[in-house]
Amino acid sequence: MTDTLLMKVEGLTKRFPGVLALDDVNLDIARGEVHAICGENGAGKSTLIKMLTGAYRPDEGTIAFEGEVCPALSPRKAMDIGIACIYQELNLIPHLSVAENIFLGREIFRSKAFDILDRKTMNTKAAELLADLDLHIRPEARLGTLGVGHQQMVEICRAVWADAKLIIMDEPTSSLSEKEAKDLFRIIARVKSRGVSVLFISHRLDEVRANCDRVTIMRDGKSVSTFAMKDSSIDDIIQLMVGRNIQNKYPKEVANRGDVILDVQGLTRKGVVNNVSFQLHAGEVLGFAGLVGAGRTETMRLVTGADPSDAGKIKVFGKDTTIRSPEDSIKAGIAFLTESRKEQGLVLIQSVEFNATLVKLGDFSKFGVLSLGRARDEAMKVVNGLRLKAAGLATPVGKLSGGNQQKVVIAKWLMSKAKIFIFDEPTRGIDVGAKVEVYRLINELVAKGAGVIIVCSEMEEVMGMADRILVMHEGRITGELSREEATQEKIMYAASGMEIRPAKAG
Ligand SMILES: Nc1ncnc2c1ncn2[C@@H]1O[C@H](COP(=O)(O)OP(=O)(O)OP(=O)(O)O)[C@@H](O)[C@H]1O
Ligand SMILES: [Mg+2]
């Protein structure tokens, strides 16, 4: 093992005010291995990665790369010695071509003195590189025209071109569809066969199981265990991560189905959503499945007035309702948890409590006087339910880990007194234990007579939690399946554009 050792991390410790984010972390990475880091939200995974890329300095401990201790790692230095990091917010430039992005900062010049790029050579080289990684992307294509999945792959190409020996990815699959994630792992396998190591973080344990050689588990800032994936199971990972077993990953409870509370007819936005009609009942969890880009998020944006529609009628609780803005939607009793964290309206410098009580402080005011005490009690209840890891309700949200910020968003909407909930990718970036808590909260909502729409790309999740599933393809609804009839095959069939009618309707 020692001759193949690429990186060795020993006794790494990092303190933030009031938080011991990393506590004596040890990690070794072999050449050409795919190594995962798993742990609950706030366990210290992203902080560890920021140390390895020189973004943060450790308080204690050492990082050795290819046998040499790197005492003063900076982002530049990390890149120079062969550590590349693919962040969630991609570092690419949308209006440049794929080739230009791959060579960004390492351009090939025809004349350096006159600053003339050798586009032809760059395009040819990029084409070779893309073909070598088995990627069907044109080097001349404008980057901005590609989906997130392909953009990520361009970043990987860039890392390979820069001769990276270690490519680090923090939750690379969280915004990818299952198919895109599969493609990513195919590329990772390619990169690995060239002797490059990959370190990646994911909350999707099935993909960790399927694609990693080894996994290191982190808990409360400590590295608690490292083991070969072939010797262990997903249950082992969960047990080490959360310190207990999770018997039932989808604790679905079927509630009584009531009247139609949301009735959408003929909703259309040219080129994106095409004549979409559906009904949501009280007590029902309605799942929207489909590939990324099928128009599910866009449909929900039209329903909630985030984007204007060209045609369509909406009835809420049986009444014709005009929704022109997100405020109209909240007034009508519809809560919308969007998929993009940046848009979720978290005020990062404000506290957990402030954010959680943001939506409907009005509910806590009596005779116009704001009862902060009551708001705080409720916030505390919801936040504890989600096992939020924060120093306290007064912690600024911007200081929380990614998954814990997501929990605040969920808490915020759960605190609103809406009757119709639209959750777009509700459990993205949330650890296994907290996912179960989110599902329990969904159970509670429908048991109290609310209706819930969930849009999710993880098929297991839709099948695990929805009472009824609608499948979309290219802006249309192509399939409807009851909980009983739904199978992965049927969903995939409709997601690729073939029609499936509900069995009951014949
Ligand atoms: N800049 C910061 N200032 C203060 N505390 C921080 C800062 N960055 C991270 N923390 C704290 O350090 C701990 C570890 O956070 P980190 O982001 O590493 O978690 P994570 O394992 O990546 O979680 P997730 O799965 O939610 O992304 C958390 O308690 C977090 O609140
Ligand atoms: Mg993180």
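This note goes through the nonpolar cores of a predicted model and then two residues with an unusual backbone angle.

1. The largest nonpolar core holds 53 residues, and the members that touch the most others within this core are Ile102, Ile156, Ile167, Val191 and Ile237. Helix α5, which covers residues 148-161, gives this core its largest share, namely 6 residues.

2. Ile167 can serve as a way into that region, since one can follow its contacts through the model. When neighbours within four places in sequence are left aside, Ile167 is in contact with Ala84 and Ile86, with Ile156, Ala159 and Val160, and with Val191, Val196, Ser197, Val198 and Leu199. Two of these partners, Ile156 and Val191, are themselves listed with Ile167 among the residues that touch the most other members of the core.

3. Apart from the largest core lies another core, made up of 50 residues, and among them are Val352, Val408, Trp413 and Ala450.

4. Turning to the backbone, most residues other than glycine have a negative phi. Glu66, which is not a glycine, has a positive phi near 50°. Glu66 is found in the loop between β4 (60-65) and β5 (68-69), and this residue is partly exposed, with a relative accessible area of 34%.

5. Asn275 likewise is not a glycine and has a positive phi, of about 50°. Asn275 is placed in strand β14, which spans residues 273-281. With a relative accessible area of 52%, Asn275 counts as exposed, because the cut-off for that class is over 50%.

Methods
Residues are numbered from 1 along each chain as its sequence is written. Chains are lettered from A and ligands numbered from 1 in the order in which they are written. This is a predicted model: local features need pLDDT of at least 70, side-chain atom pairs count only at pLDDT 80 or more; totals for chains, interfaces and linings use all residues. Side-chain values use heavy atoms; hydrogens and water are left out. A nonpolar core is a set of buried Ala, Val, Leu, Ile, Met, Phe, Trp, Tyr and Cys residues joined through side-chain atoms within 4.5 Å. Buried means under 20% relative accessible area, exposed over 50%, partly exposed in between (1.4 Å probe, protein chains only). Helices (H or I, at least four residues) and strands (E, at least two) are DSSP runs, numbered from the N terminus. Contact means heavy atoms within 4.5 Å.
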